[in-house]
Amino acid sequence: MRLAGLYGRGRRNALAPQVVELDLSFASLPAAFDGYRILHVTDPHLDALPELAAVAGRMIAGIEVDLLVLTGDVLADHEAPPASATAPLERLLAGVVVGDRRLAVLGNHDPAAMVDALERLGFEVLLNRSIALTRQGERIVVTGLDDVHCFYTDAARTALFGGDGDFRVALVHSPEMADHAAEAGVALYLCGHTHGGQVCLPGGRALLTRLTRCRHAASGLWRDGPTTGYTSRGLGTSWPTLRYNCPGELTVITLRRAR
Ligand SMILES: [Fe+2]
């Protein structure tokens with residue numbers, strides 16, 4: 001009975017994500033991007049818990065953002081057809097109004113076939129490449145990397161060093177490139193992968209982070225040299241589909257130009 005109760009509570013927790021709002025200030029942010037809003041979705045794993053799409057979709061219905069970024073682990077089961085996760089992802093995002101672009105990188109649970117599936121939803125999947133976002137003649141550069149665990153080559157690290165002099169944002173599935181991003185002078189690094197631990201002690205201390213390096217960046221807001229990073233707890237769960245003391249999240253980030 002006690003085990004069944006614990007399981008039920010963990011399942012209810014997994015279906016009770018939060019919308020986290022963050023204001024992040026940078027002296028180097030071009031003035032035209034002051035107030036720029038980013039919806040950060042990571043680790044939805046919606047094939048594992050498809051009913052989460054409706055719950056979370058209601059929480060963000062009608063939200064208006066400039067940029068939508070997805071930092072991987074769309075799937076939970078690497079062998080499953082991508083549509084088993086992208087169909088509920090499409091429902092999750094149906095009510096979101098995106099002014100500029102939808103950008104994505106893959107996670108360690110995503111097969112290469114996920115690229116086409118995400119492109120069908122309007123995402124540009126950044127495989128060790130950068131794109132520029134422009135406003136009123138100013139620009140920021142967004143670089144997306146292949147996953148550290150699943151697809152890593154030296155091209156990922158090299159891609160971080162493009163766009164010298166620009167305000168740069170890195171999209172990476174895992175925080176395990178944080179030190180390289182700092183070396184490259186990246187201003188903002190957005191990632192997930194750790195699920196915030198998914199199973200945490202009361203107070204939110206993670207029992208497991210799944211990181212082999214950069215453990216300082218395991219969850220939440222962090223700094224590494226010139227880089228401000230945010231490691232989201234992620235929306236979904238891998239198996240078991242349970243959370244304790246660590247709610248899932250969707251993150252709305254507003255960029256501010258520091259005065
Ligand atoms: Fe994940």
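**Entry 1: a helix over a sheet**

I began with helix H2, and I found that H2 lies across S1, S2 and S14, running at about 50° to S1. I note here that what I am reading is a predicted model, so every value below is computed from that model.

I then looked up the sheet to which those strands belong, and found an open sheet of six strands in the order S1-S14-S2-S4-S6-S7, with mixed pairing. Which strands stand at the edges of this sheet? They are strand S1 (18–26) and strand S7 (124–125), and because each has a single partner strand, one side of each is left without a neighbour in the sheet.

Inside this sheet I followed one pair of strands, and I saw that strand S2 (residues 37–41) and S14 run antiparallel and are joined by four bridges. As one example of the pairing, I noted that the bridge partner of arginine 37 is threonine 254 in S14.

**Entry 2: H2 against H3**

I returned to H2 to see how it meets another helix, and I found that helix H2 (residues 52–60) packs with helix H3 (residues 83–93) at an angle of about 25°, the axes being 7 Å apart. That angle makes H2 roughly parallel to H3, since angles under 35 degrees count as roughly parallel.

I also recorded the handedness, and H2 passes H3 in a right-handed crossing. On the H2 side I listed Ala53, Ala56, Gly57 and Ile60 as making the contact, and on the H3 side Pro88, Leu92 and Leu93. When I sorted the residues of this contact by character, I had six nonpolar, one polar and no charged.

**Entry 3: the other sheet**

I next looked up another open sheet of six strands, which has the order S8-S9-S10-S11-S13-S12 and mixed pairing. Its edge strands are strand S8 (129–135) and strand S12 (220–224), each of which pairs on one side only. Neighbouring strands of this sheet are turned by 20° against each other on average, with direction ignored.

How many bridges join S8 to strand S9? I found seven, and S8 and S9 (residues 138–144) run antiparallel. I wrote down two of the pairings: arginine 135 has glutamate 138 of S9 as its bridge partner, and arginine 129 has glycine 144 of S9. The hairpin of S8 and S9 has two residues between the strands, and in that hairpin glutamine 136 takes a positive phi near 45°.

**Entry 4: arginine 129**

I stayed with arginine 129, which is found in strand S8, and asked myself whether it is buried or exposed, or something in between. At 37% relative accessibility, arginine 129 counts as partly exposed, because that label covers values between 20% and 50%. Leaving aside its neighbours within four places in sequence, I found arginine 129 in contact with Glu124, Val142, Thr143, Gly144 and Ala159. I also looked up its separation from arginine 58, which is 71 residues away along the chain, and the C-alpha atoms of the two are separated by 33 Å.

**Entry 5: backbone angles and a cis bond**

Most residues other than glycine have a negative phi, and most peptide bonds are trans. I therefore kept a list of departures from this pattern.

Histidine 195, although it is not a glycine, has a positive phi of about 60°. Histidine 195 lies in the loop between strand S11 (188–191) and S12, and with a relative accessible area of 1% it is buried.

Asparagine 245 likewise shows a positive phi, near 55°, but I found it in the loop between S13 and S14. Its relative accessibility of 41% means that asparagine 245 counts as partly exposed.

The cis peptide bond that I noted joins tryptophan 239 and proline 240, and its omega is about -5°. Proline 240 is found in the loop between strand S13 (227–231) and strand S14 (249–257).

**Entry 6: histidine 45**

Last, I looked up histidine 45, whose place is in the loop between S2 and H2. What does histidine 45 contact, leaving aside its neighbours within four places in sequence? I listed Asp73, Val74, Leu75, Ala76, His109, His195, Gly236, Thr237 and Ser238. Histidine 45 has a relative accessible area of 0% and is therefore buried. Among its contacts I recognised His195, the residue whose positive phi I had entered above.

Methods: Residues are numbered from 1 along each chain as its sequence is written. This is a predicted model: local features need pLDDT of at least 70, side-chain atom pairs count only at pLDDT 80 or more; totals for chains, interfaces and linings use all residues. Side-chain values use heavy atoms; hydrogens and water are left out. Two strands pair if DSSP finds at least two bridges between them. Axes are lines fitted to C-alpha atoms, for helices over the stretch in contact, and angles run from 0 to 180 degrees between N-to-C directions. Angles under 35 degrees count as roughly parallel, over 145 as roughly antiparallel, 65 to 115 as roughly perpendicular and the rest as oblique. A crossing is left-handed if the near helix is turned anticlockwise from the far one by less than a right angle, and right-handed if clockwise. Contact means heavy atoms within 4.5 Å. Ala, Val, Leu, Ile, Met, Phe, Trp, Tyr, Cys and Pro count as nonpolar, Asp, Glu, Lys and Arg as charged, and the others, Gly among them, as polar. Buried means under 20% relative accessible area, exposed over 50%, partly exposed in between (1.4 Å probe, protein chains only).
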